[in-house]
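Visitor: I would like a close look at one part of this model, taken slowly and set against the rest of the chain. Please begin once the structure is in view.

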Amino acid sequence: MITVTLDVHGIAADPARGEPAHPRVDFRWAFLVRAPHAVTLQTEEVSGSEWRSFEGSASPTVRAKRALLPRPGPS
């Protein structure tokens with residue numbers, strides 16, 4: 001099972017970095033895995049990853065969308 005969430009929100013201008021105000025798009029991916037799995041990040045493209053339980057998402061948006069999905073059964 002895979003869930004994908006797109007979160008678009010505004011970023012304020014940052015004169016110290018020379019950045020104007022702009023929209024930001026965050027992609028959040030959730031995968032159901034039934035066994036330990038190693039992940040290798042392409043650090044030039046991904047700022048981070050973290051394994052969490054099905055219920056353990058920190059994002060209220062992701063939690064709300066995942067609550068609509070069927071619960072995983074026993075492995």
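Visitor: Is Arg17 buried or exposed, and what is the relative accessible area of Arg17?

Guide: Since this is a predicted model, a word on confidence comes before the residue itself: the protein chain averages a pLDDT of 76, and 75% of the residues score at least 70. Arg17 is exposed, because its relative accessible area is 60%, and the cut-off for that class is over 50%. The side chain of Arg17 nevertheless has a partner, for it meets the side chain of Glu19 in a salt bridge, with 3.5 Å from N to O. That distance satisfies the criterion, which asks for a nitrogen of Lys or Arg within 4 Å of a carboxyl oxygen of Asp or Glu, and the count of salt bridges comes to 1. Glu19, for its part, is partly exposed, because its relative accessible area of 28% falls between the limits of under 20% for buried and over 50% for exposed.

To set this pair in context, the protein chain contains 1 helix and 2 strands, which follow the pattern β-β-α when read along the sequence. Strand E1 covers residues 2-11 and strand E2 covers residues 22-31, while helix H1 spans 60-67. Among these elements, E2 has the highest mean pLDDT, at 79, and H1 the lowest, at 73.

The two strands also share a surface feature of another kind, namely a nonpolar patch formed by Val4, Leu6, Val8, Val25, Phe27 and Trp29, which together have about 630 Å² of accessible area. E1 and E2 are the elements that each give two or more residues to this patch. Val8, one of its members, lies in strand E1 and is exposed, given a relative accessible area of 55%. For the protein chain as a whole, the accessible surface comes to about 6200 Å², of which 57% belongs to carbon and sulfur atoms.

A contrast to these surface residues is found in Ser59, which lies in the loop between E2 and helix H1 and is buried, with a relative accessible area of 12%. Buried residues make up 12% of the 75 residues in the protein chain. Ser59 and Arg28 are 31 residues apart in sequence, yet their C-alpha atoms are 9.5 Å apart in space. On the scale of the protein chain, residues 24 or more positions apart account for 41% of the contacts with a separation of 6 or more.

Notes:
Residues are numbered from 1 along each chain as its sequence is written. This is a predicted model: local features need pLDDT of at least 70, side-chain atom pairs count only at pLDDT 80 or more; totals for chains, interfaces and linings use all residues. Side-chain values use heavy atoms; hydrogens and water are left out. Patches are made of residues with over 30% relative accessible area and no salt bridge: like charges are joined within 9 Å, nonpolar side chains (Val, Leu, Ile, Met, Phe, Trp, Tyr) within 5 Å. Accessible areas come from the Shrake-Rupley method with a 1.4 Å probe; for residues, only the protein chains shown count as cover. Helices (H or I, at least four residues) and strands (E, at least two) are DSSP runs, numbered from the N terminus. Buried means under 20% relative accessible area, exposed over 50%, partly exposed in between (1.4 Å probe, protein chains only). Contact means heavy atoms within 4.5 Å. pLDDT is the predictor's confidence in each residue, from 0 to 100.
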